[in-house]
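Me: Can you walk me through this one? I'll just fire questions as they come.

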Amino acid sequence: MAEATWIGPIPDPMPGPAPAAIDMDSWVCPAPLRDSPAIVMGHGGGGAMSAELIEHLFLPAFGSAAQAEMGDSAVVEVGGARLAFSTDSFVVKPMFFPGGSIGDLAVNGTVNDLAMAGAVPMVLSTAFILEEGTALSEIGKIAEAVGAAARTAGVKLVTGDTKVVDSGSGDGVYINTAGIGFIPDGVDIRPERAEPGDLVIVSGDIGVHGIAVMSCREGLEFGTTIASDCAALHGLVAAMLATGADLHVLRDPTRGGVAASLNEIAKSAKVGVTLVERDLPIPQTVRDACGLLGLDPLYVANEGKLLAIVSPEDAEQVLAAMRQHELGREARVIGACGTEHPGMLVTRTTLGGTRVVDLPIGEQLPRIC
Amino acid sequence: MKYLDEFSNPDLAKRLIEEIHAVTTRPWAIMEVCGGQTHSIIRHGIDQLLPDEIEMIHGPGCPVCVTPLEIIDRALAIAARPDVIFCSFGDMLRVPGSDRDLFRIKSEGGDVRVVYSPLDALKLARENPDREVVFFGIGFETTAPANAMTVYQAKRLGITNFSLLVSHVLVPPAVAAIMESPTCRVQAFLAAGHVCSVMGTHEYPPLTDKYKVPIVVTGFEPLDILEGIRRTVLQLESGRHELENAYPRAVVADGNQAAMQMLNDVFEVTDRAWRGIGMIPGSGWRLSHAYADFDAEKRFAVTDIHTEESSLCRSGEVLQGLIKPHECEAFGRECTPRNPLGATMVSSEGACAAYYLYRRLDMVQAVGG
């Protein structure tokens, strides 16, 4: 083939090993066509499509056996005691990322689901689905992370399961955990309890986990130094409850970020939630990465942060208690609930305008330019 | 990497907004050409802060939005082939063709991948010599140099299993087409800053002279946009029609010479259909004769695929600034980001999607009183 005619300086055409293109198995499809006859990634996105799958396929099929309130944890009464019960599966890629691993997430994710009902997490199950060919050294590191996270959180791993699938049928390791926690008397924390006038508190910087994971995904290395905020939040919740304040709603804004959590609360409680953009704690690295990729930090996942909705009378003592705790030092009020625009989340922009922040359909896709 | 905060400073923005109010005495209709500017205007609520006399018309500058249905259908046909790895910018994956989108192709077994850099697609071609790797090369002058670099390098390195599906569009012919329209309401343009950072500004003085219309090269952060609007209004109020550069930190008059040399080598000007607008003479690029071997449309014989656009969708009128998105009967009803009829509802840079995501509050309040 003839040499091209342009002779200007060009960068080294192929420096280093070729990064694979972003593997879309780890992405969530934002808006596939509605009439898809098969599962597409969007069905697992935690947004509108996931809700439709549950509503139109699972619940009708389960029939009278279904008794789910669609929260992160179910609350069941056993012999007069109220127990929170929750399960979650972890398929994150890569398995190791700055600040944690799939093992940390598997423990903290379920512990946090229980904590957001105000429960004291007690016991966890762990089920591993391992792909044929995965190095034992990697499984060992993940198992150690599970053990360490459970010890830190003070929960016992009381039962488990291990299965192996054919090479190519999994991504190394999938983990499912389920957990049970005890809900103290007088605690009633659920999304429906948000009221007009309540304040919205966040426990610290947002967007950190999502950017940390994205920063090391195949094909998307942009060299940021940010580490995941993955942590168990029940200690922080206990400190907040110890103030005697009546916590109306707690939520850990994981998949779909702060935007998804507050949209769900607004819809459940039929209140309008308004955020103040200039009060949002967004670290510079998250701002920069989101600016480069065309993402909105409000939609980026967190794994060690919580949102609390409390009455204005209780807000000050709750904030004070949070700031005394290692995981809540940067806690602050970021917005309020009101009677306007019920069911919607709205942000007052730094310049003084307003915009609606909608429930994500799936994860965001980077814009083209 | 501090490039966002300085250009979002609310105090400086307030001063610019006050200046714009002070100099505005009459109604003016200003079109921002680029979808990135539309996104920024709506996201920050900038249009809500302008004097009532100033109407921002959202132009056809979203490359995802203006890519014709026919090209999407050709992309889908190529991506469905078992011998092909089809690479694209993320935004394009959810753009519906006649009956499917690229996500659907993937769920049916097609090898569809998101890449950030077109050169990553070329690396994939080198790593997979037994597969055909195709990159969906869309965009304005901004994305063209990186896309051109792929075939330039492929030719130089003798990589024969790589090809480009090209649907490049050009800004100046679109500006002329809008001004030639008998229903044109546009009195001034904010030109797309990043297009000019590649191409320079020499293409615009003929347009300001011929159509007696001010054109101000404008950036994308809030202060950039406000400064562009301020300068535009000053010209309109004083009866001037000149080219001004309000984005000098990125744009020089001569543009990027190395990029333009490469573009001249790799591409040649062609007539191009714009989705929702129709054929605009000389408004696109196709691969030049020297690079015809890398043309995916020819390699996979898809040039006989022809498609008609939806009759319900009024995106053409939106793209020409004749109606606002919510004035379309299908807006928010048959047509949502989840189930888009037209491309302006698909990309987050599209005017309809921006209105749907950020502006439903105004509409809810307007309807509900």
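Reply: Sure, one term up front: a residue is buried if 20 or more other C-beta atoms, placed from the backbone, lie within 10 Å of its own, exposed if 12 or fewer, and partly exposed in between. The model is predicted, so local features need pLDDT of at least 70 and side-chain atom pairs pLDDT 80 or more, while totals for chains, interfaces and linings use all residues. Residues are numbered from 1 along each chain as its sequence is written, with chains lettered from A and ligands numbered from 1 in the order written.

Me: What share of chain B is buried, then?
Reply: 59% of its 369 residues.

Me: And chain A? What percentage is buried there?
Reply: In chain A, 46% of the 369 residues are buried.

Me: How many helices and strands in each chain?
Reply: Chain B has 17 helices and 11 strands. Its radius of gyration (over C-alpha atoms) is 21 Å, close to the 21 Å from the globule rule (2.2 Å times the number of residues to the power 0.38), so chain B is as compact as a globular protein of 369 residues. Chain A has 8 helices and 14 strands. Those are DSSP runs numbered from the N terminus: H or I of at least four residues for helices, E of at least two for strands.

Me: Back to B. How do helix 2 and helix 16 cross?
Reply: The axes of helix 2 (residues 35–43) and helix 16 (residues 351–358) of chain B come within 10 Å and cross at roughly 15°. That makes the two helices of chain B roughly parallel, since the label covers angles under 35 degrees (over 145 is roughly antiparallel, 65 to 115 roughly perpendicular, the rest oblique). Axes here are lines fitted to C-alpha atoms over the stretch in contact, with angles from 0 to 180 degrees between N-to-C directions.

Me: Which residues make that contact?
Reply: B:Thr38, B:His39, B:Ile42 and B:Arg43 from helix 2 of chain B, with B:Ala351, B:Ala354 and B:Tyr358 from helix 16 of chain B. A contact means C-beta atoms, placed from the backbone, within 7 Å.

Me: Switching to A:Tyr174. Where is it, and is it buried or exposed?
Reply: A:Tyr174 is in strand 7 (residues 173–182) of chain A. It counts as buried because it has 20 C-beta neighbours inside 10 Å.

Me: What does A:Tyr174 touch?
Reply: Leaving out residues up to four places away in sequence, A:Tyr174 touches A:Ser89, A:Phe90, A:Val91 and A:Ile129.

Methods. Contact = placed C-beta atoms within 7 Å.
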